[in-house]
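User: Hi! I have a structure open and would like to talk it through with you. Could you help me look around?

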Amino acid sequence: MSTGFLDHIAETLKGIEAEGLYKRERLIVSPQSGRIGVDLDGKPGGPHRDGVVNLCANNYLGLADNPKLIEAAKQAFDTRGFGMASVRFICGTQDLHRELEQRIAGFLGKDDAILFAACFDANGGLFEPLLGPEDAVISDALNHASIIDGIRLCKAKRYRYANSDMADLESQLKQAKADGARFIMIATDGVFSMDGYLAKLPEISALAKQYDAMVMVDDCHATGFMGPQGRGTPAHCGVADGVHILTGTLGKALGGSIGGYIAGPQPVIDLLRQRARPYLFSNSLPPAIVAAGLAAIDLVEQGDDLRAALFRNAAKWRAGLDALGFDLLPGEHPIVPVMLGDARLAQSMAAKLYEEGVYVAGFFFPVVPKGKARIRTQMNAALTEADLDFALTAFERAGKAVGAI
């Protein structure tokens with residue numbers, strides 16, 4: 001490889017470091033939970049610290065180390081093996097895969113569902129098979145990177161509306177109609193995860209009906225805990241029938257592992273099985289993951305107590321941070337962003353909190369816009385009141401130490 005190329009890459013990395021934007025990973029040496037063990041020197045097998053309060057996992061219902069999911073996975077190892085060593089249409093489909101797809105579809109009130117390795121792949125494979133150059137896709141400006149990448153892969157005309165700006169959405173719908181679009185799809189996150197804001201699905205579905213458009217929602221940060229029985233933002237907003245295609249993940253509230261899906265009308269799912277490239281050319285999900293996913297949906301459907309604990313924690317946490325004087329984004333979601341503005345300040349705050357025994361991550365460009373750096377805290381049902389009190393004390397100390405409050 002050219003030394004000039006490697007020198008160029010090295011200079012790019014130096015620039016990222018100089019701007020305070022370099023991301024570093026810490027090694028967790030325990031199961032994912034409300035409190036975790038973390039490696040101290042960054043080397044596997046080295047000294048570690050136990051009991052660190054984890055405030056940045058997507059483990060909303062605390063199921064990542066649930067014994068029932070672990071047992072379901074163990075049984076699947078014994079009865080179905082380790083992996084499929086194939087893609088679905090060759091010899092990679094077990095009965096468990098179809099059982100989980102049908103279970104997801106029933107849970108979400110859709111005809112059928114199709115599994116992917118991750119929701120990033122689901123979003124990446126959704127648009128290209130369904131939309132051609134005669135069609136239009138209208139995307140919220142703050143949509144997840146996977147939606148953006150998926151739209152780039154399709155040949156439909158692309159339109160964008162300002163985040164949750166319904167007047168702008170209607171303007172784009174009118175423009176797509178005026179441009180002669182055959183079919184129009186509106187694409188949005190159900191929850192904009194950097195901010196914890198919910199999409200305006202009642203207004204979006206009403207506009208879609210008015211302009212004869214389809215609605216696609218990525219509901220990764222809602223499935224399992226938003227809405228009745230955790231059926232997501234469409235159910236939470238009372239417009240489940242107005243959202244036609246749902247994408248989501250097993251990697252957050254549904255156990256925190258891997259795996260994504262698309263749920264929707266039968267013809268849509270059937271065509272995706274024929275032409276969605278990430279589905280056709282990626283190995284099937286391992287049987288243990290699929291079995292645990294089935295167990296997770298059982299727990300979610302019966303999980304009113306977990307959802308109550310989650311939102312009780314979120315209310316306590318938001319009130320505690322507000323009383324300390326932190327700048328918070330408003331919202332009803334368990335994501336509670338602490339706005340700091342500067343990337344270096346966000347990293348310094350995260351490092352100080354780590355010293356205090358609280359695990360958080362600083363979010364900064366390019367994950368969020370420049371000048372909007374933050375620490376995105378996330379509540380989960382596994383956290384106790386004592387954990388939250390401990391973390392609030394740590395936030396007060398760290399915030400004063402770095403000048404954030």
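User: Let's start with cysteines. How many disulfides does a search of the whole structure find?

Analyst: Happy to help! Bear in mind that this is a predicted model. Searching the whole structure gives 0 disulfides. Cys-56, for instance, is in no disulfide, and its nearest cysteine sulfur belongs to Cys-220, 18 Å away.

User: And which cysteine sulfur is closest to that of Cys-220?

Analyst: That would be the sulfur of Cys-119, at 3.4 Å, which is too far for a bond, because a disulfide needs the two sulfur atoms within 2.5 Å.

User: Are those two, Cys-56 and Cys-220, buried or exposed?

Analyst: Cys-56 counts as buried, because its relative accessibility is 18%. Cys-220 also counts as buried, at 9%.

User: Switching to the interior: which residues have the most contacts inside the largest nonpolar core?

Analyst: Leu-55, Trp-317 and Phe-395, in a core of 94 residues. Helix α12, residues 287–301, gives the most to this core, with 10 residues. Apart from it lies another core of 24 residues, including Cys-119 and Met-185.

User: What does Phe-395 touch?

Analyst: Leaving out residues up to four places away in sequence, its contacts include Leu-55, Trp-317, Met-349 and Ile-405.

User: Now the outside. Which residues form a nonpolar patch on the surface?

Analyst: Met-1, Phe-5, Leu-6, Ile-9, Leu-13 and Ile-16 do, with about 570 Å² of accessible area together. Leu-6 sits in helix α1, residues 3–18, and it counts as partly exposed because its relative accessibility is 42%.

Definitions and conventions:
Residues numbered from 1 in each chain as written. Predicted model: local features only at pLDDT ≥ 70, side-chain atom pairs only at ≥ 80, totals over all residues. Heavy atoms only, no water. Patch = residues over 30% accessible without salt bridge, like charges linked within 9 Å, V, L, I, M, F, W, Y side chains within 5 Å. Areas by Shrake-Rupley, 256 points an atom, 1.4 Å probe, with all protein chains shown as cover. Salt bridge = Lys/Arg side-chain N within 4 Å of Asp/Glu carboxyl O. Helix = DSSP H or I, 4+ residues; strand = E, 2+ residues; numbered from the N terminus. Buried < 20%, exposed > 50% of the residue type's maximum accessible area, 1.4 Å probe, protein only. Core = buried A, V, L, I, M, F, W, Y, C linked by side-chain atoms within 4.5 Å. Contact = heavy atoms within 4.5 Å.
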